[in-house]
4 protein chains.
Amino acid sequence: MKERPEIRSSEGKLGVLLPGFGAVATTLVAGVEAVRRGLAAPVGSLTQMQTIRLGKRTDARTPLIKDFVDLASLDQLVFGAWDPIPDDGYASAVNAGVLDRHEHLEPIRDFLESIVPMPAAFDPEYVKKLQGSNVKSGPNKRDLAEQIRADIRTFKEEQGCERCVMVWCGSTEIFLRPGAQHETLEAFEKAMEENDPGIAPSMLYAYAAIMEGVPYANGAPNLSADFPALEKAAVERGVPIGGKDFKTGQTLMKTILAPGFKARMIGLRGWFSTNILGNRDGEVLDDPASFKTKEESKLGVLEHILQPKMYPELYEDLYHKVRINYYPPRGDNKEGWDNIDIFGWLGYPMQIKVDFLCRDSILAAPIVLDLALFLDLASRAGMGGIQEWLSFYFKSPQTTPGLYPEHDIFIQHWKLKNTLRWMMGEDQITHLGQDYE
Amino acid sequence: MKERPEIRSSEGKLGVLLPGFGAVATTLVAGVEAVRRGLAAPVGSLTQMQTIRLGKRTDARTPLIKDFVDLASLDQLVFGAWDPIPDDGYASAVNAGVLDRHEHLEPIRDFLESIVPMPAAFDPEYVKKLQGSNVKSGPNKRDLAEQIRADIRTFKEEQGCERCVMVWCGSTEIFLRPGAQHETLEAFEKAMEENDPGIAPSMLYAYAAIMEGVPYANGAPNLSADFPALEKAAVERGVPIGGKDFKTGQTLMKTILAPGFKARMIGLRGWFSTNILGNRDGEVLDDPASFKTKEESKLGVLEHILQPKMYPELYEDLYHKVRINYYPPRGDNKEGWDNIDIFGWLGYPMQIKVDFLCRDSILAAPIVLDLALFLDLASRAGMGGIQEWLSFYFKSPQTTPGLYPEHDIFIQHWKLKNTLRWMMGEDQITHLGQDYE
Amino acid sequence: MKERPEIRSSEGKLGVLLPGFGAVATTLVAGVEAVRRGLAAPVGSLTQMQTIRLGKRTDARTPLIKDFVDLASLDQLVFGAWDPIPDDGYASAVNAGVLDRHEHLEPIRDFLESIVPMPAAFDPEYVKKLQGSNVKSGPNKRDLAEQIRADIRTFKEEQGCERCVMVWCGSTEIFLRPGAQHETLEAFEKAMEENDPGIAPSMLYAYAAIMEGVPYANGAPNLSADFPALEKAAVERGVPIGGKDFKTGQTLMKTILAPGFKARMIGLRGWFSTNILGNRDGEVLDDPASFKTKEESKLGVLEHILQPKMYPELYEDLYHKVRINYYPPRGDNKEGWDNIDIFGWLGYPMQIKVDFLCRDSILAAPIVLDLALFLDLASRAGMGGIQEWLSFYFKSPQTTPGLYPEHDIFIQHWKLKNTLRWMMGEDQITHLGQDYE
Amino acid sequence: MKERPEIRSSEGKLGVLLPGFGAVATTLVAGVEAVRRGLAAPVGSLTQMQTIRLGKRTDARTPLIKDFVDLASLDQLVFGAWDPIPDDGYASAVNAGVLDRHEHLEPIRDFLESIVPMPAAFDPEYVKKLQGSNVKSGPNKRDLAEQIRADIRTFKEEQGCERCVMVWCGSTEIFLRPGAQHETLEAFEKAMEENDPGIAPSMLYAYAAIMEGVPYANGAPNLSADFPALEKAAVERGVPIGGKDFKTGQTLMKTILAPGFKARMIGLRGWFSTNILGNRDGEVLDDPASFKTKEESKLGVLEHILQPKMYPELYEDLYHKVRINYYPPRGDNKEGWDNIDIFGWLGYPMQIKVDFLCRDSILAAPIVLDLALFLDLASRAGMGGIQEWLSFYFKSPQTTPGLYPEHDIFIQHWKLKNTLRWMMGEDQITHLGQDYE
């Protein structure tokens, strides 16, 4: 086992930079402020609320994670954002319709209005259903990337930040595959200069962050930093990165349920998932090119959990279908209906229906917070490159080449906590239970 | 960590003794025979189908469990049963209506007809809605217990069994609390002699098994072996025991979902569970006294998983309600509908509805098989007393006094597999992932 | 066919008197005011929004009902109420939690605060889970009834009302059967004087209304006016009455679906209905005696629609079960889950699940409005006694002795509209369609 | 009102001709035989099981429909079929997987094997996912139509039929709009001769039937007989016709629920319908061209029932979406999930979810039977052209030009029964209820 790392102190302001300042980002920002003022609880956040068991079961040592590892506190956070739509945090949050205006936005209106998004590196070619006036212009994509780098430096200085992290909260871009232009940093920089169509805006942010030594997490299924050029750059520069696609809603449920079926060797014949959603996200995904990016992200989940090659009798013939439907009456809420066809002893069929009346941004906001704080921790611990132990938060975890992604949320959770134990020099937990461990 | 045990060979016939020869038991017996003849797969059984990862993730060592530990094979199994209704295995299976008569019962009719239940130690006082003619009589409960012991010895000899295991597949008895008569073996034996009303039939089977050195598992929520007198006897005699109440249906789903919510720090305000079922089980549970036994078993699950004391903001105010309804049109199938009121970031509510069109016996049969084979393994490894590592299979896991039961199905699964690794001298798996473990 | 009646003018103020000033009544009152101010639409109200087709299909004559018959307009309405809890309309509406405080209650706060409930004739013996301080006292039940009569007269005079109507919006009382004391007016009055336990508070209101010539509708399943003494009194005095139990939620769905199944000769094997609700209503129904009253009201519905005697092959073996569960997390909302086991051609089974995320008071408020206006119309048309044509609004329609209640909501609707046509001398609609009627 | 018609006797054999011999047709045929042998009940059939009320409510005259009007009995029926796949009735029924092989097909295997489909006029251009070897060939479409006419004459003679009826039970064809070639019989015949691509196979069957004086009903959403040329031909020749698309499953539920919402003036904001089905039908509808035909048929339903022009506040903004998904694990069964967003008093939203575990062929078979018998009745009564009174059975009722289709299943049912009353000279039922009619 690798030796545990040394961890630098979390002192000083931490800048949280958010490309995309819509429903998710404003729900995060408003929520952090509400929590700071004691108006609400940061439900859904491990860094704020979860405990961690240390030692044997009978030792009764279970501190809060935030008391166990040295994380930046909420009071240290300052927020910056980019968005093609120029609305400030208040206007954007009201428009998103996630948080109750009377109860949660009005009381912190001043704070929200103070956050005005910087002009975005945005190109409607990559998100067909969106338009915006608050956009950067420049001779080529490399130039736009340099503008983002400058934004980061300016923000850091103006806000007096010790460190920054960046979490992509923007839209799903069209489907792209990594090519030669994504192999090396040189090729990538050249492609930016040549306005290569394989370079999407989210990649410019990832590049800018990594070059500035700012940890980067990707909340959408976009490639963004998921290719060799940026992965290597992150390792070389000691910058932690993580992705892709926040694990919320239906996929969250899938990665909870599927490990349960597999643990009990219950077979699966079919899994039909349909979603209805009525917000900007739904509109963006109504474009087939964006939908394909999302679909790939959603479909991979089951195969990796179920291991059909290892269990052909149980999972090889699984018919898995995912549908996303733009349905305006659902508004910002989202609903996922799953029909799951399972089978048991001698192949006898059973059915499970799950109807999830869900709120995406409510589930995503605490993920953004945790990723920001954990990436900052990893950075201070000198852990560069892909942070596999943060797979817990992603629909499509990025992995070191040659390794398969872990989708089982319980193994992911284990890994996260055992990594924290390892970082602090505590014993790994195995739940063996002999001698009442 | 305790040293790994020595394990005696599994050679010879293994008698599987089943008090209760209704839907679950006949589904097990018919299924084992169908699998032996290559007609169907033992879906749901870890001992038959699951693999176990050994060593590091990159080692690619994942044998089947049954190739890793020395388990009795299906060909070694012979079955015996007791039931107050004298129907043979074929008649009982047809009446249960679980397996398709044409496809799965007719082809093995001879085999099923050859299993005729022995007269049961049965008392309608403890299962109010059942009646039967195939019952033992005797001067007192102790005498009935001795008759069961004699049955075991006779069965073992007549069938030429090397070893036996017993798994309770009978009905839910009325609610009982352990008292003074359950404290010591002496008190318990005296209470049997005095026909103490606190002694239910399922206890007589447990007692008989333990005294005969036969491992005992309890598939119903009845006390049965869950009290000091029999626990101590099991430890002293080196007899493995386990219970209570097979984890199937709605509770299975609960112990899959609740750990998922908790892992993500998602709060719970309410969980309403209703069941409709139309078979003998439903009829038995229509009696309030039997229902109470079941309800206690079902209600405890969430509290232990969620740890409301540790997470008061998230789980202290959870309103948990379980309803069971006898509804004849559902026949042998069962349906569980759950409404789950969760909340996320800043306390915003979401809802999940789960409709499980389930088949209890199909989910229970492989549990009986696994328990039989694993208890036999434990017996050959000299592991007496409560087998906490088999909690995976139970709604209300029995635990060593002073320890809390583990209900999280994923921790239970981990414990089961790490126990097997420990028994075979393999490294524990921690999923740390540093150095690509 | 009877000759059409003469109808007196609707001029002048109409007092709407509401025994029970909780969720339903305040939702009505606040809503009427919001509609009067042009802030919202009276959705769910036939008197305000529905049209009626006159003549042949090709005539294109479809006026609004309120333009076709002479109804009191919303501007003519003034409200009075009784309640054991002294909260004014604003406090009670806030507590009920039905209407959005910011959007719908604050703007009309003055109006709502101006309605203060008169002391109620209330007895916790009949509604076990409620308590209140705003109650009448008197030597016997007759005296309480006389106090209510005096309240009516005072209200009418003080408010300058031309006419009044009364609609019971209070709680469900314990189950009572009509007896000798309900046979004649004399017996009933004597029983009131003797404080007969068979006389529940809701009967006192009904009696007071009828004696004052005020039409009376009963929105709960309580007997109230559903017995010979008051029925005869209503006929003799020319006072229209109607009941029982507002048709909302699950029962509304049932009376929509069941006629559909029957029209298509689809068989029914089982119908399982469970409700979860968390408000005062749910608490009251947690008392078994009140539940029984409600259950009787809910169970009768299917039998009358399906006519199992006429269709024994399809409906005789129907297993119908209704469950109501107090579940506080649901708050004022209500959820009904139905599992319906149907069968078709050759008896093959199919299943339907209906999950209704419902709001009782939102569905009930327009019913109160329609009943008030239609009863006033009937009164002006000289139609005394049970108004069978208003069965449309009730779970358990009161009927003239010897006739069976009509539960099919579509036949009820037909009857309502054909009655209006008859009152105005228009042809009945038959939908024959020959000659393009 | 038109005078009631004279009706010729139903004596003699009635040939029931079925283009399309798959799941629906074999389920019909097997079922009729099972009913004839007393093995099962014709559930879902009005002609076999429904009663009709005559006179006043107090008259208690409610004969079975089949005892009230002179219908052909099941014993008089003989069956013929066409299909591009040459399987006989037994092979086709086994392949369809609708009826239980052991219980319902084996006992009548001889009968089913005796029905062998005639070669079909089939063209994969119009049903892209199907292929078949049992097809007619000829120089042009007119010739194919003449071959069908010859088939009809031969069948009638060989089977000794007095009369025939034809009901389309084949697949959904690609979407077509009526054009100039569908205006007059001459144009239509010329287009057939010229192999006009606007002429689909189902039109050839409709043409052949009408020219042979055989009533024709269309169970798919195909144009078939729904254009002026064939409508006029049917009127001139006195041949009853009806269509389109059997009303089963989700649309059946829609036309039951929507009239209920409208009767109560409950608003609708959205209706999202998704279907999963795994049989041939699902495969055919996986082709976008066939899906469009089906979608048009399914979407029209709500608008006609709800009349958004008349009720703009309630129904103008309804967002209605229908999805059909090919999902093989569902097999021949079908599942429809509906999310319905309704609103009530002051616009407050509520939600209804309907999950229908449905069997299409089980719902469709009795419709085929009723249409055959009622069309034969109409024919004997001299009622040529579109039979609007049979709209009850169709998703997209054909109507006389200039009239709107009636989709409300309860009005359709009324119309059907009042038409029968009119044919027999009985009073129309109005449910007025004055004088206890």
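Me: What rotation superposes chain D on chain C, and with how much shift along its axis?
Reply: A turn of 180° with 0.0 Å of shift puts chain D on chain C, at an RMSD of 0.0 Å. In chain D, Val354(D) has the C-alpha nearest the axis, 2.3 Å from it. The superposition is by least squares on the C-alpha atoms of residues with pLDDT of at least 70 in both copies.

Me: What kind of model is this, and how are things numbered?
Reply: This is a predicted model, where local features need pLDDT of at least 70, side-chain atom pairs count only at pLDDT 80 or more, and totals for chains, interfaces and linings use all residues. Residues are numbered from 1 along each chain as its sequence is written, and chains are lettered from A and ligands numbered from 1 in the order in which they are written.

Me: How many residues of chain D are in contact with chain C?
Reply: 68 residues of chain D are in contact with 68 residues of chain C; contact means C-beta atoms, placed from the backbone, within 7 Å. Among the elements of chain D that give two or more residues to that side are helix 1 (23–36), strand 9 (349–358) and helix 15 (360–380). Helices (H or I, at least four residues) and strands (E, at least two) are DSSP runs, numbered from the N terminus.

Me: What is that side of chain D made of, by class?
Reply: It has 38 nonpolar, 21 polar and nine charged residues. Ala, Val, Leu, Ile, Met, Phe, Trp, Tyr, Cys and Pro count as nonpolar, Asp, Glu, Lys and Arg as charged, and the others, Gly among them, as polar.

Me: Why say that chains D and C meet through the same surface?
Reply: Because 100% of the interface residues of chain D are also interface residues in chain C.

Me: How does strand 9 of chain C run against strand 9 of chain D, parallel or antiparallel?
Reply: Antiparallel, with seven bridges joining the two. One bridge pairs Gln351(C) with Leu357(D). Strands count as paired if DSSP finds at least two bridges between them.

Me: Now B and C. How many residues does the contact take from each?
Reply: The contact takes 18 residues from chain B and 18 residues from chain C. Strand 6 of chain B gives the most to its side, with five residues. By class, that side of chain B has seven nonpolar, four polar and seven charged residues.

Me: What turn lays chain B on chain C?
Reply: A turn of 180°, with a shift of 0.0 Å along the axis and an RMSD of 0.0 Å. The two copies are thus related as by a two-fold rotation axis.

Me: What about a single chain, how many helices and strands are there in chain A?
Reply: Chain A has 16 helices and 10 strands. Buried residues make up 61% of its 437 residues; buried means 20 or more other C-beta atoms within 10 Å of the residue's own, with C-beta atoms placed from the backbone.

Me: Which residues touch the most other members of the largest nonpolar core?
Reply: Val167(A), Val368(A), Val368(B), Val368(C) and Val368(D), in a core of 583 residues. Such a core is a set of buried Ala, Val, Leu, Ile, Met, Phe, Trp, Tyr and Cys residues joined through C-beta atoms within 7 Å.

Me: And what is Val368(B) in contact with, leaving aside neighbours within four places in sequence?
Reply: Val24(B), Leu28(B), Val167(B), Cys169(B) and Gly219(B).

Conventions. A residue is buried if 20 or more other C-beta atoms lie within 10 Å of its own, exposed if 12 or fewer, and partly exposed in between; C-beta atoms are placed from the backbone. Two residues are in contact if their C-beta atoms, placed from the backbone, lie within 7 Å.
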